[in-house]
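Here are some exercises to work through with the structure open beside you. Try each task before you read its solution.

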Amino acid sequence: MAYEITLLTTMSIAILFALSLNVITGFCGQVSLGHAAFFGIGAYTAAMLTKAGVPLAVALAPAAIMAGAVGLVVGMASLRVRHDFLAITTMGVTFLFVGIVRKQDALGGEVGISGIPSVAYGRPGLLVLALICVVLFVALTVHIRRSWMGFAFDSVADDEDTARILGIDVKRFKLWAFVIGTAGAGIAGGLYAHHIRFIGPDSFGFVESVTVLAMVIVGGIGSIWGVALAAGFLSVMPLLFQFIDDYKLLLYGLLVFATMRFAPDGIAGLAQRIRARFG
Amino acid sequence: MTLLSVENVTMRFGGVTAVENVSLELGHDSLLGFIGPNGAGKTTLMRIITGVLHPQQGSVIFNGQDVTRWPVERRVRSGLALAQQIVRPLRSLSLVDNVALAAGAHRMANPLATLLHTDRSAERAMARELLDLVGIADVADAMPGELPLGDLKRMEVARALALEPRLLLLDEPLAGLNQTEARTMADLIGSLAGKDRSVLLIEHNIREVARICPEIYVQDNGRRLLQGPMAEVMSSPELRRAYLGGEAA
């Protein structure tokens, strides 16, 4: 049973992490290659707070706020760049985060933070907390999709200049996408730190940013259910099959390549086409 | 009373002066035709008025306020709308949603407040009425990629109207349309001015402009040539010189 709980917790955290990037990249069309940095900010914030005696359920709020605040700053710095330049700018955030954390003794430096306390009720308690977070975040993203904020995000993702001509304050909507998405990543990071119970700067590097982007691409950029499915599946595959763990990056790379080449809308688009043909 | 006043505006791109010391005035409830040969700087001036470009000199006064440094979206929310020369529909949205989004522009001032609204029925109803007005109600639910240019041009006008503007800027709305479509569209444009709405129409189709616009503004080589009543301007030697070159007869 403990093994299944570990699998489900891993899946839940990955789903939350991928859905948080989906708000920025999928809903609002802003490619981010630095999302792992916000995952890391949440992980470090929550870990330090729980080590100081704060319960994780409470520590997740400051983790989200801290990640969201840094996300706001990064968003503001990225407002003037688009497309490839935005991807490169956000990629720099990951390197910046890892570089800073490595030099901070208070954050454990190169060694990282170990001995992160377990959650009340142990692993089942963490799973329940992770599931609650996933359900709440899914509900939030479904609501965003249906609301006028989602409508505005659609227009920004489609054509920023046209969105402006329709009176939409593109900059402010982009910032909101960054804040919501990075805050979500912060919560996922907080859960991750207490799942693994050890974090180091290398846990939040460029590879992790690319991995979560792969989940969004394979699931179908912008699709909530597609991204959740891809994140859940891709996160547990390396745990289920050891040989996949050895070739994880290769497999993710191939999946992204195949998706972009044969089904650019990902699993969600593929399902839609199948439904249209046979439904 | 003036609704829009462009005062001594100059716009340079590197060493090229696209618009030089240009002034233009547009009254309330009026329809002004804006013509000029290719390269006259018409679209540049239109982009200055909408706020896509900010001039090196001069000012743009709209509805009594100096909007020269305002961003596009602020100008739009203050009552200005643009239908662009090159149609740019939001391709991920159906025609009705393209127009509904504009109809709900007043909701967009505060992003956080947009999270509280999910109902689009009123805006969609308004969008369908406007698509009916421009004659494409039958394709309201189609995606832009499925439709010809003529329909997309009409959608652009409907989308601009959905913003309920006090000033509607139309940049070559007849371009790419056949003669019948152009005439129908011109008739529609002619009916839009009034009821607290003015229209500035940039157009190459002088025949249609002359037919529907009571007043006309002419620009050539980035400079204001003439502005006045249609009959007076059309018979002026300067206009013939601009279009035909050489000495006017």
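**Exercise 1: A helix in the interior**

Helix α3 (residues 95-103) of chain B has 9 of its 9 residues buried, so it is largely enclosed by the rest of the structure. Please keep in mind throughout that this is a predicted model.

Task: List the buried residues of α3(B) and find what covers them.

Solution. Start with the residues: B:Leu95, B:Val96, B:Asp97, B:Asn98, B:Val99, B:Ala100, B:Leu101, B:Ala102 and B:Ala103 are buried. Next, look at what surrounds these buried residues: the cover includes α5 (121-133) and α6 (149-162) of chain B, together with α6 of chain A. Then zoom in on B:Val99. Leaving out residues up to four places away in sequence, B:Val99 touches B:Ala127, B:Leu130, B:Leu131, B:Met155, B:Ala158, B:Arg159 and B:Ala162.

**Exercise 2: The nonpolar core**

Task: How many residues does the largest nonpolar core have, and which have the most contacts inside it?

Solution. A useful background point comes before the count: in soluble globular proteins, nonpolar side chains tend to be buried together. Here the largest nonpolar core has 168 residues, and those with the most contacts inside it are A:Ala18, A:Met215, B:Val99 and B:Leu201. Its largest share comes from α8(A), with 15 residues. The core also draws at least three residues from each of domain 1 (1-79 + 165-249) and domain 2 (88-164) of chain B.

**Exercise 3: Two domains in one chain**

Task: Describe how domain 1 of chain B meets domain 2 of chain B.

Solution. First set the bounds: domain 1 of chain B covers 1-79 + 165-249, and domain 2 covers 88-164. Their centres, taken over C-alpha atoms, are separated by 25 Å. Now count the contacts: 12 residues of domain 1 are in contact with 11 residues of domain 2. On the domain 1 side, the elements giving two or more residues are α2 (72-77), β7 (167-171) and α7 (179-192) of chain B. Of this side, α7(B) provides the largest share, 4 residues. Sorted by character, the domain 1 side has 8 nonpolar, 2 polar and 2 charged residues.

**Exercise 4: Where the chains meet**

Task: Which element of chain A gives the most to the side that touches chain B?

Solution. Begin with the contacts: 21 residues of chain A are in contact with 22 residues of chain B. At least two residues each come from α5 (122-146), α6 (148-158), α7 (160-165) and α8 (170-196) of chain A. The most come from α6(A), with 7 residues. This side of chain A divides into 10 nonpolar, 4 polar and 7 charged residues.

**Exercise 5: Checking a helix length**

Task: Compare the expected span of α5(A) with the distance between its end C-alpha atoms.

Solution. At 1.5 Å a residue, the 25 residues of α5(A) should span 36 Å. The end C-alpha atoms of α5(A) are 37 Å apart, which agrees. As for its surroundings, the buried residues of α5(A) include A:Leu126, A:Cys133 and A:Phe137. Among the elements covering the buried residues of α5(A) are α1 (2-27), α3 (56-78) and α10 (224-240) of chain A.

**Exercise 6: Chain B as a whole**

Task: What is the radius of gyration of chain B, and what does the globule rule give?

Solution. Chain B contains 10 helices and 10 strands. Its radius of gyration is 18 Å, close to the 18 Å that the globule rule gives for 249 residues, so chain B is as compact as a globular protein of that length. Of the 249 residues of chain B, 47% count as buried.

Key: Residues numbered from 1 in each chain as written. Chains lettered and ligands numbered in written order. Predicted model: local features only at pLDDT ≥ 70, side-chain atom pairs only at ≥ 80, totals over all residues. Domains from an automatic or database assignment. Contact = placed C-beta atoms within 7 Å. Nonpolar A, V, L, I, M, F, W, Y, C, P; charged D, E, K, R; others polar. Buried ≥ 20, exposed ≤ 12 C-beta atoms within 10 Å, placed from the backbone. Expected span 1.5 Å × (residues − 1). Rg over C-alpha atoms; globule rule 2.2 N^0.38 Å. Core = buried A, V, L, I, M, F, W, Y, C linked by C-beta atoms within 7 Å.
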